[in-house]
Amino acid sequence: MPHNRKTFGQILRQKRIDKGLSLRKFAELVGVSPTYQSQVEQDKVESPPTVERLTRMADVLGEDRDQFISLAGRVADDLPPIIQSRPDELPKLLRTTQGLAPEQLRQLIAQAKKMKEKEK
Amino acid sequence: MARGSSTLLRDGVPFLHEKQIEAEAQVLLGEYADAHAWQISAPVPIDEIIELYLKLTFAIEDLQALLHVDDVLGAIWFTTKEIRVDVRLDPIANPLLLGRYRFTLAHEAGHWRLHRQYYLEDPNQGKLFDGRGQPAFVCRSSVRPPAERQADMFAGCLLMPRDVLRSTWQQWRGNLDPVAVQQLPALALHAEAKRNENVAMERFCRPLADQFEVSAEAMRIRLENLGLLLREVPNTLF
């Protein structure tokens, strides 16, 4: 990790401040204690917040849930069962798409959506 | 920032008159009100003033363990612009301590506004302490040197602004007449209150304390300071 890269706690704190929320108010909206929120912001928790908590944080901040959950080093709860449901193709698909540019990935997603719509 | 006389007190801060401290608190309230389109009212949003206006980094931490001080409430680091409050004051874990939590934040804001210029000039502040600079002030419940008392005064003025408290008192009491401890019904109702004037006065001002989200003790001290709560019935009342 580059030296100047911000930690999840630092990013979370900055986004909260940018949203105009005090630590205590944000903790109340998310449903955690101010002490816990403070520990997360100082990167003093043993493991990242749960996906449920991260989802609530993302919603309060108006952030994309998946991106925010990933930022914290977690994977959304629905993804492991999706991958496990198609153990042959889906890991292969993910590995194949690794390294593609964001725009290429967006095109792939759009195509996949069209394919699903046609199936209906 | 408040300017005092050139005579420094023992802990390196100048003497400040109560009026100077109150004026400085009023300035901060006015600045926050202007910046955040807020009308000065109770409860004063001290968390937001600290983080969103003064832009101090705020954290809740086990300060007793960090600083090895039994009764620490909060601490401030001027060089890194940090305020930390002891974990035991977490108002969700200890709702009865909400007032004390808020007062501690306002107290640290007092150090920031009243005292930081005297410490930023102190080269000793840079020495290492647990990986950070040494805190400029470690604020304890039992030790109240002059700088701590000034910060307490500032906190009282900030959380219980004179005009807001007086108008709230007027709405509550129907007038601005002071109340003397001998007139409190609590003295007649509670035996323990008879033995302790402070208990009686704090019982009496509890509704105001709740409205301002401060402790009854802080409210009692502020009301005495404003001359609305008296220990003796003044002669003019007879």
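These legends describe close-up views of a predicted model.

**View 1. Helix H6 of chain B has the span expected from its length.** The helix covers residues 162-173 of chain B, 12 residues in total. At 1.5 Å a residue, these should span 16 Å. The C-alpha atoms at the two ends are 16 Å apart, which agrees. After the helix comes Gly174(B). Its phi is positive, near 90°.

**View 2. The buried residues of H6(B) line one face of the helix.** Val164(B), Leu165(B), Thr168(B) and Trp169(B) are the buried residues here. Seen down the helix axis, they fall within an arc of 135°, so they share one face. Asp163(B) and Gln171(B) lie on the other side of H6(B), where they are exposed. What covers the buried residues includes three elements of chain B: strand S7 (179-180), helix H9 (197-212) and helix H10 (216-225).

**View 3. Trp172(B) is a partly exposed residue of helix H6 of chain B.** Its relative accessibility is 33%. Buried would require under 20% and exposed over 50%, so Trp172(B) falls in between. Leaving aside neighbours within four places in sequence, Trp172(B) is in contact with Phe204(B), Cys205(B), Pro207(B) and Leu208(B). Pro207(B) is 35 residues from Trp172(B) along the chain. The C-alpha atoms of this pair are separated by 9.2 Å.

**View 4. Four strands of chain B form an open sheet.** Their order is S1-S3-S2-S6, with mixed pairing. Strand S1 (57-61) and strand S6 (137-140) stand at the edges. Each has a single partner strand, so one side of each is left without a neighbour in the sheet. On average, neighbouring strands of this sheet are turned by 15° against each other, direction ignored.

**View 5. Strands S2 and S6 of chain B run antiparallel.** Strand S2 spans residues 72-77. It is joined to S6(B) by 4 bridges. For Val72(B), the bridge partner in S6(B) is Arg140(B).

**View 6. Chain B meets chain A.** On the chain B side, 20 residues are in contact with 15 residues of chain A. The two chains bury about 1,300 Å² between them. Of this area, 50% is on carbon and sulfur atoms. Glu51(B), Leu52(B) and Ile60(B) supply 38% of the area that chain B buries against chain A. That is more than any other three residues.

Notes
Residues are numbered from 1 along each chain as its sequence is written. Chains are lettered from A and ligands numbered from 1 in the order in which they are written. This is a predicted model: local features need pLDDT of at least 70, side-chain atom pairs count only at pLDDT 80 or more; totals for chains, interfaces and linings use all residues. Side-chain values use heavy atoms; hydrogens and water are left out. The expected span of a helix is 1.5 Å times one less than its number of residues. Buried means under 20% relative accessible area, exposed over 50%, partly exposed in between (1.4 Å probe, protein chains only). The arc is that of the directions from the helix axis to the C-beta atoms. Contact means heavy atoms within 4.5 Å. Two strands pair if DSSP finds at least two bridges between them. Axes are lines fitted to C-alpha atoms, for helices over the stretch in contact, and angles run from 0 to 180 degrees between N-to-C directions. Buried area is the accessible area (1.4 Å probe) that two parts lose on being put together, summed over both.
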